[in-house]
Amino acid sequence: MEQNNDLSPITARLLISCPDKPGIVAKVSQFLFNSGANILDASQHSTDPKEGLFFMRMELQMPVVPGFEAAFEQQVAAPLKMEWKISYTQQRKRMAIFVSAYDHCLLDLLWRWRSGELGVDIPVIISNHRVLEKECTDMGIPFYFLSVNAATKASQEATIQQLMQDFSIDFIVLARYMQILSPAFVSLFPQRIINIHHSFLPAFAGARPYQNAYNRGVKLIGATAHYVTDELDEGPIIEQDVARVTHKHSVEDLVMLGRDIERQVLTRAVKAHIDDRVIVLGNKTIVF
C-alpha cells in the first residue's frame, strides 16, 4: 500500500475465503477494531457443510497502519488458512479495453467511464481494426491498431503484452474483441480478463450464437460476462441476463435485443470487478 502522507483515513475493501468454522467474523472484526478500522459494510456467505467454505467482503475506513497487512496475515489469515486480498479505493484500477469492430459494448463503457459511473482509469484501447479509433481518441484515450492473422499472432500478442506493462494495466476487458487470446497471454492476467459472450452460456458457445439460437427456436436469448481461461467460453461466470423472444423475432431482431443485453451485462461485470465484489471458487464465482 502506498503511504498516505497526510495520515487521513483511507477506504479499503477486504475479500476473504477460508474453511468455515465458528468465530471467523469475530476474529477478523477484533483485529480490525484493534487496528482502528471502522467497518462500513460487510457481507458473508457459507457454502453447504459438504464444501465447508466461508466467504466475506468488507468495506473499511481505516487509518494508515504500518505493517497492517503483515500483521493480518500472521495473526488472522494464517491461523484460519485464509486466502485474502485487500485493495484501497484511493488506488484506482487501470483497465485496458480490447475491441474489434462492434462498438456497442465499447461505447457503453466509455460513456459510463466519462460520466464517473466507472471508478477506473482507461489508459489504453487495443484493436485489430481502425473503425473505432476516432471514438476513442476523441475521449483522449490512446488507441493502438494492431492487425493480426495466424502468421502474426505471436508478435502481435508480444506487442500487446509490452503495452500492458508500459501502461501498468491491472485488468483487461474484451468488449467484443473477436480474437482468441493464447494461453500464454491469459496466464499473465489470471482472473483479470473479462469477456462478454453474446449467448446465455453454456448454451450456444462459440461463433454465431444468435443464428444458432434462431435455428433452435429458443424463447430466451441472453449474454454472459465471464473471466477468460484457456478453455473457450468456459471461464467463471460473473454476470448474465436474458430477454424473452418469440417465433416472430428474426435473426436481426435477436442481434438487436442481444446487443442491449450485452452492454448491460458487461457493465455490471466490470463494475463488480472494479468494486472487488467477486471471489473465484474453482470455475464459478461468489459475487457480493
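Two helices count as oblique when the angle between them is neither under 35 degrees (roughly parallel), nor over 145 (roughly antiparallel), nor in the 65 to 115 range (roughly perpendicular). Keep that in mind for the first close-up, and remember that everything here comes from a predicted model.

**View 1. Helices α3 and α8 pack against each other at an angle of about 45°.**
Here you're looking at α3, which covers residues 104–114, and α8, which covers residues 251–274. Their axes sit 9 Å apart. An angle of about 45° falls outside the parallel, perpendicular and antiparallel ranges, so the pair is oblique. The crossing of α3 past α8 is right-handed. On the α3 side, the residues to look for are His-104, Cys-105, Asp-108, Leu-109 and Arg-112. They meet Arg-259, Glu-262, Arg-263, Leu-266, Thr-267 and Val-270 of α8. Sort the residues of this contact by type and you get four nonpolar, two polar and five charged.

**View 2. Arg-176 sits in a loop and reaches Glu-262.**
The loop in this picture runs between strand β8 (171–174) and helix α6 (183–186). Is Arg-176 buried or exposed? Its relative accessible area is just 5%, and the cut-off for buried is under 20%, so Arg-176 is buried. Its side chain makes a polar contact of 3.0 Å with the side chain of Glu-262. You've met Glu-262 already: it's one of the α8 residues that meet α3. Leaving out neighbours within four places in sequence, Arg-176 also contacts Val-99, Ser-100, Tyr-102, His-104, Cys-105, Ile-196 and His-198. Two of those names, His-104 and Cys-105, turned up in View 1 as well, on the α3 side.

**View 3. Helices α1 and α2 pack at an angle of about 145°.**
This time the partners are α1 (residues 24–34) and α2 (residues 68–77), with axes 11 Å apart. Their crossing is right-handed. From α1 come Lys-27, Val-28, Phe-31 and Leu-32, and these meet Phe-68, Ala-71, Phe-72, Gln-75 and Val-76 in α2. What kinds of residue make up this contact? There are seven nonpolar ones, one polar and one charged.

**View 4. Lys-153 belongs to helix α5.**
Helix α5 spans residues 153–166, and Lys-153 is part of it. With a relative accessible area of 24%, between the 20% and 50% cut-offs, Lys-153 counts as partly exposed. Setting aside residues up to four places away in sequence, Lys-153 touches Val-148, Gln-179 and Ile-180. For a sense of scale, find Leu-232, 79 residues away along the chain: its C-alpha atom is 17 Å from that of Lys-153.

Notes. Residues are numbered from 1 along each chain as its sequence is written. This is a predicted model: local features need pLDDT of at least 70, side-chain atom pairs count only at pLDDT 80 or more; totals for chains, interfaces and linings use all residues. Side-chain values use heavy atoms; hydrogens and water are left out. Helices (H or I, at least four residues) and strands (E, at least two) are DSSP runs, numbered from the N terminus. Buried means under 20% relative accessible area, exposed over 50%, partly exposed in between (1.4 Å probe, protein chains only). A polar contact is a pair of N or O atoms within 3.5 Å; within protein, one must be able to donate a hydrogen and the other to accept it, and residues adjacent in sequence count only if both atoms are side-chain atoms. Contact means heavy atoms within 4.5 Å. Axes are lines fitted to C-alpha atoms, for helices over the stretch in contact, and angles run from 0 to 180 degrees between N-to-C directions. A crossing is left-handed if the near helix is turned anticlockwise from the far one by less than a right angle, and right-handed if clockwise. Ala, Val, Leu, Ile, Met, Phe, Trp, Tyr, Cys and Pro count as nonpolar, Asp, Glu, Lys and Arg as charged, and the others, Gly among them, as polar.
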